[in-house]
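Reader: Please show me the model, and then explain how its descriptive terms are justified.

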Amino acid sequence: MARLSIHSPLGPLMLTGDGSALTGVGWGRFEQDDADTVLAETARQLDAYFTGRLQHFDLPLKPAGTPFRQSVWEAMLAIPYGGTATYGGMAKLLGSAPRAVGGACGANPIPIIIPCHRVLASGGAPGGYSGHGGLDTKAWLLGLERRHAGLGASSRGQGNGAAAEQFALL
């Protein structure tokens with residue numbers, strides 16, 4: 001297993017991979033790094049994301065989880081940069097229950113890149129966030145994206161205000 005510790009505005013992050021894909025992002029540091037090209041590229045893209053220069057990650061991902069959780073994580077990847085969705089809207093889209101969607105969000109092994117921070121409770125309430133710092137981290141990530149959405153960063157077609165607003169209806 002490849003692993004790499006990086007600095008971020010949210011504190012130290014631990015990246016893990018299997019040699020061909022990113023398998024995890026967590027908070028903290030490894031005692032010893034053993035990076036590969038996927039993790040080096042992940043570090044580069046995260047740096048660009050945190051500085052507002054990247055709005056869409058282009059990385060091979062391999063999150064471990066049940067088929068249902070995989071479907072929730074795939075749906076989260078469709079939420080545009082700067083946009084949000086709700087647990088209830090995602091549940092309706094997936095034919096499930098909001099609590100089950102919330103459980104999948106909480107079990108997301110690749111936070112930030114699989115953007116569970118973009119999923120809110122009904123009425124715009126923040127819901128939860130299982131990453132280090134909890135709701136403060138979620139608010140920081142959403143604020144970062146709102147500040148940079150539509151400002152010409154590399155978005156690969158995502159991040160425009162209209163798309164973000166349309167997806168927020170979910």
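Author: The following exchange concerns one histidine and a group of aromatic rings. This is a predicted model, in which local features need pLDDT of at least 70, side-chain atom pairs count only at pLDDT 80 or more, and totals for chains, interfaces and linings use all residues. Residues are numbered from 1 along each chain as its sequence is written, and side-chain values use heavy atoms, without hydrogens and water.

Reader: Why is H117 called buried?

Author: Buried means under 20% relative accessible area, exposed over 50%, and partly exposed in between (1.4 Å probe, protein chains only). H117 has a relative accessible area of 0%, so the residue counts as buried. Among the residues that H117 touches (heavy atoms within 4.5 Å) are Y49, Y129 and E145, not counting residues up to four places away in sequence.

Reader: What makes the pair of Y49 and F50 edge-to-face?

Author: Rings of Phe, Tyr and Trp (its six-membered ring) pair if their centres lie within 6.5 Å; planes under 30 degrees apart count as stacked, over 60 as edge-to-face and the rest as tilted. The centres of the Y49 and F50 rings are 5.4 Å apart and the planes stand at 65 degrees, so this pair is edge-to-face.

Reader: How do you know that the pair of F50 and W140 is tilted?

Author: Its planes are 55 degrees apart, with 6.0 Å centre to centre, and the pair is tilted.

Reader: Why is W140 called partly exposed, and F50 buried?

Author: W140 has a relative accessible area of 30%, and is therefore partly exposed. F50 is at 10% relative accessibility, and so counts as buried.
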